Amino acid sequence: MTTETDRRPDGTPADDMSDEGRGRTTPRRWSPRPGNRPEWLVGALALLLGCVFVVVDLAFNQGTLIAPIDDAYIHLQYASQLGSGHPFQYNTGDPVSTGASSLLYAFVLAAAHAVGLSGTALLAFAVAFGVACFAATTVLVCKLGAALVGRVVGLWAGVLTAVSGPLLWGAASGMEVGLTAVLVTGSVLAFVRERPVGLFRWTPVLAALLALVRPEGMFFAFTLSAAMVWTLWRAHGFRFGRLALCCLPLLVGVAQYAFYRLATGTFSANGVQSKSHLADRPIFYLGEFVDRTFANIRGIVDHFNGLNNTDFVFPFALAFFLGGLAYLLVMRPEWRALATAVVVGFALVVLSASTLSTALIHELRYFQPFLPLFVLFAATGGYALTRLVPRERERRMALHAVLLVMVLFTVVATPTWAVRLGRQAATIRDTDVSVAAWISDNLPPDAVVGVKDVGAIAYFGQRRVVDTIGLATNGFAEASNNGTGSLYEALRALPEGQRPTHFAVYEPWPGASMQPFVDAGVFASPPLTTFPVRTPPDLNNRRIVPFTEIDVHRADWTLAGSGDRAPVPGEVRDYLNVGSLESEGRHDHEVRTQQPGWQPYTVLRRQGDVVDSGRVIVGGESFTARGLTPGQDLTIATRVLSSAENRDVRVRIDGRDAGVWRLPESPDAWTTAEFTVAGELITSPEVTVELEPTRPLLSPYPEYTSFGYWFVQ
């Protein structure tokens, strides 16, 4: 029988109370005890289901373990290089690159490689490690729920985590999902256990590791740092040593990006350069950035509310989650700092990941590690709802009923996620793994392969690769984001021994279109071989890959550089290669579009024996010409393609009107156009040339494709 002294003020029995609710000031031990056995049973359930997902993967792939996402092999490649003594070199001898989005995970896998694991064995370790971390996460969720609310909520939240299809998918994917999840949950639990003592020792360490494992984890770790500083400041005032330890995650984050800057010359990792809304298009528009980012946020909210057909969480989970946080903020003042940190942390995670063009693909893998906390606070919301029931017995029955419904809605989707994992792994086997095996068997050892999916082809193909998207090869993200013409110029600018001899690519996004390479003859036709995707799509008619086939081509660089030759006679004083980011940068080239949102993507075209890149212009452009002779007439020659109604552009030299240049009509083939600038306007060896509409503001604007400018005197 429960006595009056064994109850909370709200009537909750003491066996459903946290340590804080009982007034304890010392944390409980972490070792298993008889009272903790249900938590370990939940962990065993998670481990069993994780193994079931792995078995499904094996069943879909004739007994061979295959990752359901190519990115897992990127981690394995970086880890293999790191374990072999070539840290952060995707190919041996490459400069350091930042394509490994998880520094900590790369070191974990590198340790396994260093003891002898390679090939599929290293993938097996990654999957086993992820499943083990997932099982540990469920145990931590049980303990955290018991500490924050009560044992009943903790156990049900642990079960919700154990049967979560997205989490099981992530744990068995070979990605860093399991490691990130255990660090997220572990750092929060450490905070809960150490807050009553008034001394944070393990929380800063776990949060610092969290800051190293994922960029989203870093933002969440920063909010935990703020909560630790606030808690210590309120309890003990200013104590530099303790407060400095609480800032460890911040210091680790700064150190990570300082490493990026020192090693690569930029604070931005390759993945951000390739995928961020800040950088993935030629021109940045604030309005477009806001629109695209909030479109992702709306999609994420839709997934986390559980009302779409992806079964990411149970229905109305987001409402329960917010209710749980509100309950802690209002009814549990001792946890307000933590609840506030979680609110801000989740907001930063969603906002930061939403700035990526890939935020909603790959089963929302950026958000999977935060699902354990999400379902825990959603269960807390269910608990808070049942507090409205006046009688104790009905209240407890209502609590179990609400949490059981959450579990049932989650469980019915779990088999779907297992099948999804197997089908996606089979798709990767159909494509990237099969291409890698063919490359390993059929291309010479010194072959260099240009790729779009850089993971499995590099890991199993055992050939030097060039990542045309720019995740693993520095400098290619911006070129790819600018279009096919800029990508061609970046590829041909590589030293001859590093330029791809072959390409294994597909046509659609992500990355620039590949068909113009075929049309221009840079990709020899027909392809050496083609790998069609035979894996059936899922019930939503989707696959884990965006393409239907991968083609392997031999590269033909015979005409490389042919577009640089001047199409007019005379002494060329300077040359702007439009489409080449390096040349455009040297000449201060700027597109001055007349319509906000228009993107001047680059193109690749062949005409006769000339292959050249160009950029589509709507409105005008400006650039700087150097090496000129002052006082001497200047001829500006361009290779241009134009079929627009308005082909008149006003030319200004250093801001002074030089006349109107009427571009020739050339809808199907480029032609050469010339414009003569009077010598009196050339007042220095360096002049700024501006091409602008003759009718500013009003349509139709000048519309043309410029392939280059030669400055002749």
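## Ground rules

Helices (DSSP runs of H or I, at least four residues) and strands (DSSP runs of E, at least two) are numbered from the N terminus. This is a predicted model, so local features need pLDDT of at least 70 and side-chain atom pairs count only at pLDDT 80 or more, while totals for chains, interfaces and linings use all residues. Residues are numbered from 1 along each chain as its sequence is written, and side-chain values use heavy atoms, leaving out hydrogens and water.

## Two cis prolines

Let's start with the prolines. P510 sits in the loop between β3 (502-505) and α22 (515-519), and the peptide bond that leads into P510 from W509 is cis, with omega near 5°.

Carry on past α22 and there's P526, in the loop between α22 and β4 (529-532). Here the bond from S525 to P526 is cis, with omega near 0°.

## Positive phi without glycine

β4 also borders the loop that holds N541, with β5 (549-554) at the other end. N541 isn't a glycine, yet its phi is positive, at about 60°. N541 is exposed, at 62% relative accessibility (exposed means over 50% relative accessible area, buried under 20% and partly exposed in between, with a 1.4 Å probe and protein chains only).

F88 is another non-glycine with a positive phi of about 60°. Look for F88 in the loop between α2 (71-83) and α3 (103-114). F88 is buried, though, with a relative accessible area of 11%.

## How α4 meets α5

Helix α4 (residues 119-148) packs on helix α5 (residues 151-162) at an angle of about 155°, and their axes are 6 Å apart (axes are lines fitted to C-alpha atoms, for helices over the stretch in contact, and angles run from 0 to 180 degrees between N-to-C directions). That angle makes the pair roughly antiparallel, since over 145 degrees counts as such (under 35 is roughly parallel, 65 to 115 roughly perpendicular, and the rest oblique). The crossing of α4 and α5 is right-handed (the near helix is turned clockwise from the far one by less than a right angle; anticlockwise would be left-handed).

On the α4 side, the contact (heavy atoms within 4.5 Å) is made by F134, T138, V141, C142, G145 and A146. α5 brings R151, G154, L155, A157, G158, T161 and A162. By type, the contact residues come out as 7 nonpolar, 5 polar and 1 charged (nonpolar is Ala, Val, Leu, Ile, Met, Phe, Trp, Tyr, Cys and Pro; charged is Asp, Glu, Lys and Arg; the others, Gly among them, are polar).

## Nonpolar cores

The largest nonpolar core has 148 residues (a core is a set of buried Ala, Val, Leu, Ile, Met, Phe, Trp, Tyr and Cys residues joined through side-chain atoms within 4.5 Å). Y73, L148, F220, L338, L373 and F374 touch the most other members. α4 turns up again here, giving the most to this core with 14 residues.

There's also a second, separate core of 29 residues, with V591, V649, V677 and V687 among them.

## Two residues up close

S706 belongs to strand β15 (residues 703-712) and is buried, with a relative accessible area of 0%. Beyond its neighbours within four places in sequence, S706 contacts V578, G614, R615, I617, E621, T638 and R639.

L278 lies in the loop between α12 (270-275) and α13 (286-304) and counts as exposed, at 53% relative accessibility. Setting aside neighbours within four places in sequence, L278 is in contact with F284 and F289. T416 is 138 residues from L278 along the chain, and their C-alpha atoms are separated by 35 Å.
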